[in-house]
Amino acid sequence: MGQVEGLEKFLKEQPVFQDLDADSLAFVAGCAMNRRYEVGEYLFEEGDDAALFFLLRHGTVAVEARVPGRQPIVIQTLHEGDVLGWSWLAPPHRCTFDARATTLVRALSIDAVCLRNKCEQNHELGYRIFVRFAGIMADLLHSARMQMLDVYGPPQQGARQ
Amino acid sequence: MPHPDPSIADTGVRVMVSRADFPALIAVLRDEGHRVIGPTVRDGAVVLDDVAGVDVLAAGWGDEQEGGRYRLVRRDDGALFGHGAPAQSWKRFLHPPRVRLWRAEGNRDGFTVTDGAEESPRQAFIGVRACELMAIRIQDKVFHTPTATDPVYAGRRRGAFIVAVACGQAGGTCFCASMGAGPAVGPGHDIAVTELMDGGRHDFLMEAGSDRGAEVLRRLPGRPAAEADLAAAANLVRRTAEAMGRTMEADHAALLRESLRSPHWERVAQRCLGCGNCTMVCPTCFCTTVEDTTDLGGTSAERWRLWDSCFTLEFSYIHGGPVRRQTASRYRQWITHKLSTWHEQFGTSGCVGCGRCITWCPVGIDITEETRALGLERRAEQGGGDGSGGGA
Amino acid sequence: MEAAPDRHDGTDPMMPRPYRITTRRRDLADTFTMTLEPVEGEPMRFRPGQFNMLYVFGVGEVPVSISGDRDDPRHLVHTVRAVGSVTSAMAALTPGAVIGVRGPFGTAWPVDEAHGSDVVVVAGGVGLAPLRPVIYETIARRQKFGRVVILYGARTPADILFERELRDWRGRFDMSVHVTVDRAGPGWSGHVGVVTRLIERAVFEPDSAMAFVCGPEIMMDFATRSLEARGVTQDRIHVSMERNMKCAIGFCGHCQYGGDFICRDGAVFPYSAIRDRFHVREL
């Protein structure tokens with residue numbers, strides 16, 4: 001009991017869950033589990049079913065793209081307070097990148113299948129979750145685009161000065 | 001209008017010089033060591049060039065100017081200044097198209113400058129129109145700012161003797177009146193001339209605008225100006241003001257500032273060739289570029305300054321590409337600078353309404369029309385919300 | 001010869017002064033830092049944020065921000081990225097060579113106005129170079145400022161400019177330094193992501209903070225938005241703008257940005273002064 005209360009308190013403080021009512025929070029807490037990853041362990045890998053998403057409590061996770069014949073490319077690092085994983089929201093519910101612990105990581109995992117089913121039944125809850133995740137994904141998209149622009153890259157050909 | 005006794009005042013000196021005696025003005029100026037420059041005819045246009053005597057002036061020539069059109073026409077009255085704005089302006093004599101800034105020799109300590117800027121010539125300009133005189137005063141502010149003075153311009157400006165001329169006719173593309181730049185000649189001249197040919201005479205009212213102007217006038221054969229002469233001159237200018245070929249939209253500085261995102265720029269860009277003629281003929285456009293060169297051995301180097309135009313792609317080049325890539329943004333830059341941001345920079349307009357940009361644009365783009373179009377667009381936006389027609 | 005009136009200090013503003021390269025160091029693949037001393041005469045005094053026109057004999061001139069310590073005028077430091085003919089020619093010069101210097105020009109980072117406030121330095125790519133004099137200033141007069149926060153974004157770990165100094169600054173107990181890259185290989189244990197992430201998480205008081213931002217224009221755009229989202233007001237965010245320059249004294253017309261000449265009214269501007277222009281395409 002104490003552990004679940006502690007969980008609920010923690011969840012309530014997370015921006016992604018801050019609009020939820022007590023019942024919903026309790027439900028999410030029921031889908032949640034504390035996990036620990038050692039350096040080098042994968043929280044999920046590209047192609048996995050997106051069965052879980054994570055709230056990072058400590059440590060750094062590198063989101064990586066696998067490139068055959070080359071070292072993996074880290075496209076983003078996530079840190080304490082960040083939400084990791086959005087592929088669970090929409091079909092095909094498959095992870096698109098690897099997520100690797102680059103330090104000791106403590107994270108709270110949420111059972112995505114369970115939460116998704118609940119959202120199907122309770123659209124109010126579903127709406128609130130989806131609005132929050134829409135914000136997270138908008139942020140990710142914005143960041144990805146900025147990184148894609150390669151703004152620090154060398155100027156185009158034919159520079160004069 | 002009272003006319004003072006010329007023997008008392010240095011300013012307020014007003015004399016009438018006959019057509020026959022006009023050459024004396026040129027002679028006196030040459031005698032004083034000036035290179036005399038005035039309107040001549042060459043290549044089918046009135047062009048400012050060296051004038052040794054009155055015979056090379058564009059006497060008896062007038063012109064027709066319209067958007068993208070310039071024609072010389074013969075006059076039957078022998079007027080010396082019966083034409084409109086010459087093809088280029090006095091700018092090329094004060095702010096030359098090509099100037100060597102310095103020359104240096106390379107050595108162990110890097111380099112030593114061997115030659116600085118050239119001596120400034122003493123020049124006398126004959127036939128400076130009101131709009132052109134205003135343009136010179138505008139450029140005075142460009143090249144002397146709180147942070148720097150351009151020595152090339154400053155030297156030539158100091159050595160310039162200005163004989164202004166009132167316009168007896170308004171050109172087809174003229175709009176100096178609505179720019180507050182004419183047709184009456186403003187301050188800044190040494191001598192102001194009005195060619196009077198009413199009632200069969202051919203005289204020149206010459207008024208001193210400075211001490212040295214008065215000194216020159218005293219060396220000319222002439223008689224004191226009479227009340228009737230002054231009245232005739234004033235009449236002439238008033239008639240010219242009423243016959244302007246074009247007018248500029250009121251409140252254009254604010255209008256342009258608020259039109260940076262207008263779809264109109266794309267429309268102009270359909271026509272604009274980006275040729276930069278407008279910037280070359282404009283009497284106030286001042287942009288230049290710097291060219292550093294070296295001889296084949298690499299032992300001596302020169303720095304030259306050349307006229308440049310904001311219409312070129314290179315003008316705004318940084319980091320591998322031009323900032324103003326599209327013709328639309330380059331045209332917007334030119335007109336917004338000319339009519340709007342110039343005020344913020346120098347406290348005056350950049351435009352004097354001489355109309356050259358309209359005349360010499362190969363496709364006849366008209367600065368007054370483009371501004372008017374922006375004005376109409378804005379009024380339509382403001383008036384269109386309630387469904388009523390846009391105001392006039 | 002004509003006496004040359006000019007910048008009102010007796011020197012012809014279009015005449016470069018010879019400076020000798022005393023040291024030269026390669027920072028990155030295409031970026032190097034030179035230390036210069038005047039061949040004769042007094043060294044120049046400058047304010048952080050100002051720039052010089054650097055001349056390679058017979059080749060040309062380019063504007064480059066001063067990246068050194070204003071308290072050490074004997075050593076004039078410039079960090080240059082080789083992107084064209086003049087900068088490439090400069091990259092080939094070795095200590096002992098002489099280049100021409102005109103300046104200093106332009107407006108300064110208003111570091112004095114930040115006394116008593118938290119200072120947030122946000123740099124992107126080679127934009128760290130014009131900001132380095134600000135960092136030196138906060139170190140030299142540390143007690144005048146509140147928190148000092150340095151946020152830096154680079155392309156990859158191999159593109160981190162002044163890496164050793166960043167580590168040194170990070171090692172101090174009285175400033176916080178965060179570095180992020182756009183992408184990395186597995187050897188990098190730091191942040192990967194946009195510099196805006198660092199802004200979101202940095203610890204400082206937005207009400208009183210002064211932010212100094214320098215980097216590619218797009219980066220300055222999203223950095224200023226993040227700073228505003230944190231609550232820093234537009235008049236307390238300063239950016240360094242860049243445009244083509246030929247004369248650096250307000251006569252050639254190339255560096256115009258709306259009504260301002262960047263050589264004279266900038267390059268440093270409060271964001272509030274340029275906000276309306278910043279988002280006009282191809283201005």
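**Entry 1: chain C against chain A**

I started with the interface of chain C and chain A, which buries about 2,600 Å² between the two chains. Carbon and sulfur atoms carry 53% of that area. I noted beside it that this is a predicted model. On the chain C side, C:Asp182, C:Pro186 and C:Arg197 lose the most area to chain A, and together they make up 21% of what that side buries.

Next I looked up who takes part: 33 residues of chain C and 26 residues of chain A are in the contact. For polar links I got three salt bridges between chain C and chain A, and ten residue pairs in polar contact, both at pLDDT 80 or more. I went through the elements of chain C that each give at least two residues to this side, and found among them strand S4 (60-65), strand S8 (148-154) and helix H5 (217-230). Helix H4 of chain C gives the largest share, four residues. By type, I have 15 nonpolar, eleven polar and seven charged residues on the side of chain C that touches chain A.

One salt bridge I wrote down in full: C:Arg155 to A:Asp150, at 2.7 Å from N to O.

**Entry 2: C:Arg197**

C:Arg197 came up above as one of the residues losing the most area to chain A, and I wanted to see what else it does. Its side chain meets that of C:Glu200 in a salt bridge, 3.9 Å from N to O. The cut-off is 4 Å, so I count the pair as a salt bridge. Both residues sit in helix H4 of chain C, three residues apart, so about one helical turn separates them. C:Arg197 is buried, at 18% relative accessible area, while C:Glu200 is partly exposed at 42%.

**Entry 3: chain C against chain B**

I then turned to the other side of chain C. Here chain C and chain B bury about 4,300 Å² between them, with 56% on carbon and sulfur atoms. The contact takes 43 residues from chain C and 60 residues from chain B.

How many salt bridges cross the interface of chain C and chain B? I found one, and it is C:Glu61 with B:Arg303, whose closest N and O atoms are 3.1 Å apart. Polar contacts across this interface come to 19 residue pairs, both residues at pLDDT 80 or more. From chain C, strand S1 (17-28), S4 and strand S6 (98-105) each supply at least two residues of this side. S6 of chain C has the largest share, four residues. The split on the side of chain C that touches chain B is 19 nonpolar, eleven polar and 13 charged.

**Entry 4: B:Asp292**

B:Arg303 led me to B:Asp292, since the side chains of these two are joined by a polar contact of 2.8 Å. B:Asp292 is in strand S13 of chain B, residues 288-294. Is B:Asp292 buried or exposed? I have it as buried, because its relative accessibility is 14% and the limit is under 20%. I also listed what B:Asp292 touches outside its own stretch of sequence: B:Glu302 and B:Arg303 in chain B, and C:Tyr55, C:Gly58, C:Val59, C:Gly60 and C:Glu61 in chain C. C:Glu61 is the salt-bridge partner of B:Arg303.

**Entry 5: other salt bridges**

Over all chains I count 57 salt bridges. I looked at a couple within single chains. B:Arg42 and B:Asp49 meet at 2.5 Å, N to O; B:Arg42 is partly exposed at 38%, and B:Asp49 is partly exposed at 24%. In chain C, C:Arg25 and C:Asp27 have their closest N and O atoms 3.0 Å apart, with C:Arg25 partly exposed at 45%.

**Entry 6: cysteines**

I searched all chains for disulfides and got zero. B:Cys174 is in none, and the nearest cysteine sulfur, that of B:Cys176, lies 6.1 Å away. B:Cys174 is buried at 15% relative accessibility. Why is B:Cys272 not bonded to B:Cys278? The sulfur of B:Cys278 is the closest one, but at 6.7 Å it is too far for a bond. B:Cys272 is buried too, with 13% relative accessible area.

**Entry 7: chain A on its own**

Last, I went back to chain A, which has four helices and eight strands. Along the sequence I read two helices, then the eight strands, then two helices. The C-alpha trace spans about 65 × 35 × 30 Å along its principal axes. Of its 161 residues, 40% count as buried. Among chain A contacts with a separation of 6 or more, 73% come from residues 24 or more positions apart.

Conventions:
Residues are numbered from 1 along each chain as its sequence is written. Chains are lettered from A and ligands numbered from 1 in the order in which they are written. This is a predicted model: local features need pLDDT of at least 70, side-chain atom pairs count only at pLDDT 80 or more; totals for chains, interfaces and linings use all residues. Side-chain values use heavy atoms; hydrogens and water are left out. Contact means heavy atoms within 4.5 Å. Buried area is the accessible area (1.4 Å probe) that two parts lose on being put together, summed over both. A polar contact is a pair of N or O atoms within 3.5 Å; within protein, one must be able to donate a hydrogen and the other to accept it, and residues adjacent in sequence count only if both atoms are side-chain atoms. Ala, Val, Leu, Ile, Met, Phe, Trp, Tyr, Cys and Pro count as nonpolar, Asp, Glu, Lys and Arg as charged, and the others, Gly among them, as polar. Buried means under 20% relative accessible area, exposed over 50%, partly exposed in between (1.4 Å probe, protein chains only). A disulfide is a pair of cysteine sulfur atoms within 2.5 Å. Lists of a residue's contacts leave out its neighbours within four places in sequence.
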